[in-house]
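Here is a short tour for anyone who likes to look at a structure before setting up a calculation. We will visit a pocket and then a few points along the backbone.

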Amino acid sequence: MYKLFYYPRNASWAPHMLLVEMQLDYELILVDRKTEAQKDPNYLKLNPTGRIPTLVVDGEPIYESAAICLFLCERHPEKNLIPTLGTIERSKFYQWLFYLNSSLQPELMVYFYPGKHTIDSLGQAAIKQAQQERINQMLVLLDQELEGKQFLLGDNISACDFVLFMLLHWCSGFDKPPMAYPSLKKFLCHFSQLESVRKVCEIEGTDLGIYKKD
């Protein structure tokens, strides 16, 4: 059985949805960020970065959300959430997983934690505004990529889509949120209806009401 150390709507969200989508046995362990439990010495023994999530497999910890997602896909290829090795589709899977993890998510971290990127407290609002503009350029790219497609890789769902859903939801409070983009809106409204997504959101207390279709 897998053990997922999580906090609602953190980077643990995508691995959590994958575990449910794959119908795998897992135990969910809350790491309470409100009390900075991710900095507790016992948790740091599992994940020395002091971040969430951590997946424990056969007594061994794995951390970094995208790495966990990739591990689960490769360990359970029969679940068909990663294309066949050596195919162009597999390369596209890597492309989008790495783009979401190494391009979009870091920009979101600057947006949410501007105080970590300046010693001028008066400049934090400017950083957040600048980040919205940078991220909106990425949303345009993703909106164009999803045009006429159900998922990032076409008609076949993959782990990339769970990561994308998580990151797009994080942008919900933007001046121009993902729901303002036609293809992203279509993706979000469809994806939010998946049984696995709804089940995880019920467990984590996440409201999906903003994704109601017109």
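What follows covers the pocket and then some backbone details.

Please keep in mind that this is a predicted model.

**The pocket**

The largest pocket holds about 860 Å³ of space. It is lined by 28 residues, and those closest to its centre are Asn10, Arg33, Arg51, Met109 and Tyr113. Three elements give two or more residues to this lining: α3 (65–75), α4 (88–112) and α6 (159–170). Which of the elements gives the most to the lining of the largest pocket? That is α4, with six residues. By residue class, the lining of the largest pocket has eleven nonpolar, ten polar and seven charged residues.

**The backbone**

Next come the loops. Ile52 and Pro53 are joined by a cis peptide bond, with omega at about 20°. Pro53 sits in the loop between α2 (41–46) and β3 (54–57).

Two residues other than glycine have a positive phi, and the table puts them side by side.

| Residue | Phi | Loop | Relative accessibility |
|---|---|---|---|
| Glu64 | near 85° | between β4 (60–63) and α3 | 40% |
| Asn80 | about 60° | between α3 and α4 | 57% |

Are these two residues buried, partly exposed or exposed? Glu64 counts as partly exposed because its relative accessibility is 40%, and that class lies between the cut-offs of 20% and 50%. Asn80 is exposed because its relative accessible area is 57%, and exposed means over 50%.

Terms used. Residues are numbered from 1 along each chain as its sequence is written. This is a predicted model: local features need pLDDT of at least 70, side-chain atom pairs count only at pLDDT 80 or more; totals for chains, interfaces and linings use all residues. Side-chain values use heavy atoms; hydrogens and water are left out. On a 1 Å grid over the protein atoms alone, a cavity is a set of points where a 1.4 Å probe fits but cannot get out, and a pocket is an open set with protein on both sides within 12 Å along at least five of seven lines; lining residues have an atom within 4 Å of a point. Grid points are joined across faces, edges and corners, and a volume is the space filled by probe spheres set on the points. Helices (H or I, at least four residues) and strands (E, at least two) are DSSP runs, numbered from the N terminus. Ala, Val, Leu, Ile, Met, Phe, Trp, Tyr, Cys and Pro count as nonpolar, Asp, Glu, Lys and Arg as charged, and the others, Gly among them, as polar. Buried means under 20% relative accessible area, exposed over 50%, partly exposed in between (1.4 Å probe, protein chains only).
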